[in-house]
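Good morning, and thank you for coming. I would like to take you through a structure that may be new to you, beginning with the overall fold and ending with a few individual residues.

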Amino acid sequence: YAITVDPTAKGTKIDDTMYGVFFEDINRAADGGLYAELVQNRSFEYSTADNRSYTPLTSWAVTGTGKTVDDDGRLNARNRTYLDLGADSSVTNSGYNTGITVESGKTYDFSVWARVDQRAHLTVSLADTDGSLAEARRITVRGGWAKYTARFTASRSSSTGRLTVATDGAAALDMVSLFPRDTFKGRKNGLRKDLAEKIAALDPGFVRFPGGCLVNTGSMQDYSEASNWERKRSYQWKDTIGPVEQRATNANFWGYNQSYGLGYYEYFQFSEDVGAMPLPVVPALVTGCGQNRATDDDALLKRHIQDTLDLIEFANGPVTSEWGGKRARMGHPKPFHLTHIGVGNEENLPNEFFARFKQFRAAIEAEYPDITVVSNSGPDDAGSTFDTAWKLNRENNVDMVDEHYYNTPSWFLQNNDRYDSYDRNGPKVFLGEYASWGNAFKNALSEAAFMTGLERNADIVKLASYAPLLANEDYVQWSPDMIWFNNHASWGSANYEMQKLFMNNVGDRVVPSQATGTPSVTAPITGAVGLSTWATAAAYDDVLVTSADGQTLLSDDFSGDASKWTHTGKGSWSIQDGQYVQTDVAAENTMVSAGDPAWHDYDLKVKATKKSGK
Ligand code: AHR
């Protein structure tokens, strides 16, 4: 075999921003993850609207008398519920996963908002089953709502800690918080250091945030102030800034509560801290992600468009502007230098999407002609409207299109030339989400091979980010993921190491090369077969998996062995009457896979019939 290169030839230029990261609050990536807060449900706002298993006392245990209350005595209109703790009573928080994690010798900032009729003394302690983890603190509380603070230094390490607040007199409590002092870059209300450092070590050129499906689901709902506590609203960036005790918590698309402690200010700050271009995505009022709906509510659309303009002002506006002033008051008078903004995520109704996208783009370009408005194509998978969306993107002279795909390692190997034929006069590509199905070495290798194709086409592929970025090992909704963590540790996958290699070694130009005698790929590549459905209820039967040469690798009519099939994500599945059936109709996003790797070979073809009428 021979590879011929011409080092004098000036090949395609690769931008420094080519590779970035995509952060979405999925797999509990934010609260209990990247956001360093150690107290779970600190504001007693968990609700069944977020998750059927939640109550306002989730992760709390009261000893003595105490109940959560939602009445006029609340902390503020956006932080509805508080704890009414009786005299000589206490409340204990169990943190996330195994408990509160502290490291010997490190400092932790405790804070609480409290209100008492006259005076009470709070005793705050940190302990695990082996005993105390720090010297207890005593705080005297007087009068109406006020914030009280204390500092702990951990006397030993633990990841099963509990935080207890005891009172001698009746007291109302809210926003009970414990934060490590040692956050990434020492930021207040900051990020968990090991996770943020792992992301920073990738040297990302951009940070896409906050989603994903998280962005556009619920975007058709009213989001009046009242909807803040009725949990009807969608992800709205304005809910995520300002003092944390005034950020109304909300249901997350992925089925849990989001505190918004990690909000837009923190995303911009983090992007700046890692030297990356911030790339927020706003909802376009057309949702994909298994829902495929659009709204004709013109007033709501106008409000979202105005919110997007306000977001740009928040990022870049002068301190004298309304939203630039809010940024300055949060501690960042200088602009965040926003240059790109994504409108919509994975819309699978291209005509409806474009009708709205054009209005966003016109409004943004009228005020901010230098901002690149990124459109999208929906996901490139079976049943998507990818080609139609691309046609419309071209016809509408879109600058850049966000495209997504998740597929087998063999697909990634076979599609190295995907962008060789993309129209050089058409929109540029932002590959906002991609991954091969797995965290094994072979997955990383197939992605690496694919990325050489991205670089060869760096004149058209301008930005690319693997997805998802983070997964809490106890709450996996989507797998594979790039970085995994639990309470006390984090580790990069093989895919992470490979991304790190590429991202830290972005060349200036691709040197043209020619290979002769390139071997054909014959080695078997094994992995899970993925059937994915966004449907709210679904059933599969007659699954057929064949190899490239037509050999049957798996044929299953689901007449018997349920143990052959596994699923990750939400929802329950069972085998009923020869069908693999999703029985939890409320569930969305379920990945189904046949778990025996021996079934799979290079170039799989999977045919699954979705039962009609379900
Ligand atoms: O990355 C996980 C999900 O995959 C994203 O939320 C969505 O955009 C895509 O379907």
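I shall speak first about the chain as a whole, then about its helices, the ligand, and some single positions.

Please bear in mind throughout that this is a predicted model. The protein chain contains 11 helices together with 37 strands. Of its 614 residues, 48% are buried. If we take the contacts between residues at least 6 apart in sequence, 74% of them join residues at least 24 apart.

Let me turn to helix α4, which covers residues 264-273. Is this helix enclosed or open? Eight of its 10 residues are buried, so α4 is largely enclosed by the rest of the structure. The buried residues are Tyr 264, Tyr 265, Glu 266, Tyr 267, Phe 268, Gln 269, Phe 270 and Ser 271. As for what they pack against, there are two helices, α1 at 193-200 and α5 at 298-316, and two strands, β15 at 206-209 and β18 at 277-282. After α4 comes Gly 275, which has a positive phi near 70 degrees.

My second topic is a pair of helices, α10, residues 441-456, and α11, residues 494-503. Their axes come within 8 Å of each other and cross at roughly 30 degrees. An angle under 35 degrees counts as roughly parallel, and α10 and α11 are therefore described in that way. The crossing of the two helices is right-handed. On the α10 side, the residues that meet α11 are Phe 441, Asn 443, Ala 444, Glu 447, Ala 448 and Met 451. Their counterparts in α11 are Ala 494, Asn 495, Glu 497, Met 498 and Phe 502. Sorted by class, this contact comprises seven nonpolar, two polar and two charged residues.

I come now to the ligand. Which residues are closest to the ligand? There are 13 residues around it, and the closest are Gly 212, Cys 213, Glu 346, Ala 467 and Pro 468. By class, the shell divides into six nonpolar, four polar and three charged residues.

Two of these closest residues deserve a further word with regard to the backbone. As general background, most residues other than glycine have a negative phi, and most peptide bonds are trans. Gly 212 lies in the loop between β15 and α2, and the peptide bond that reaches it from Gly 211 is cis, with omega near 15 degrees. Pro 210 is also placed in the loop between β15 and α2. The bond joining Phe 209 to Pro 210 is likewise a cis peptide bond, its omega being about -5 degrees.

The other residue is Glu 346, in the loop between β21, residues 340-343, and α7, residues 350-367. Although Glu 346 is not a glycine, its phi is positive, at about 50 degrees. Is Glu 346 buried or exposed? Glu 346 has 27 other C-beta atoms within 10 Å, and is therefore buried.

Asn 397 offers a useful contrast. It too is not a glycine and has a positive phi of about 50 degrees. Its place is in the loop between α8, residues 386-395, and β23, residues 400-407. Asn 397, however, has 10 C-beta neighbours inside 10 Å, so it counts as exposed.

Finally, I would draw your attention to two positions and the residues they touch. Ser 159 belongs to strand β13, residues 158-167. With 18 other C-beta atoms within 10 Å, Ser 159 is partly exposed. Setting aside residues up to four places away in sequence, it touches Thr 98, Gly 99, Thr 101, Asn 487 and His 488. From Ser 159 to Trp 60 is 99 residues in sequence and 17 Å in space, C-alpha to C-alpha.

Arg 181 sits in the loop between β14, residues 171-180, and α1. Its 15 C-beta neighbours inside 10 Å make it partly exposed. Leaving aside neighbours within four places in sequence, Arg 181 is in contact with Lys 106, Thr 107, Tyr 108 and Asp 109. How far apart are Arg 181 and Thr 107 in space? Their C-alpha atoms are 5.6 Å apart, while 74 residues separate them in sequence.

To close, I would ask you to keep two pictures in mind: helix α4, largely enclosed by the rest of the structure, and the ligand, with 13 residues surrounding it. Thank you for your attention.

Conventions:
Residues numbered from 1 in each chain as written. Predicted model: local features only at pLDDT ≥ 70, side-chain atom pairs only at ≥ 80, totals over all residues. Axes fitted to C-alpha atoms, helices over the stretch in contact; angles between N-to-C directions. Helix = DSSP H or I, 4+ residues; strand = E, 2+ residues; numbered from the N terminus. Parallel < 35°, antiparallel > 145°, perpendicular 65-115°, else oblique. Left-handed = near helix turned anticlockwise from the far one by under 90°. Contact = placed C-beta atoms within 7 Å. Nonpolar A, V, L, I, M, F, W, Y, C, P; charged D, E, K, R; others polar. Near = placed C-beta within 6 Å. Buried ≥ 20, exposed ≤ 12 C-beta atoms within 10 Å, placed from the backbone.
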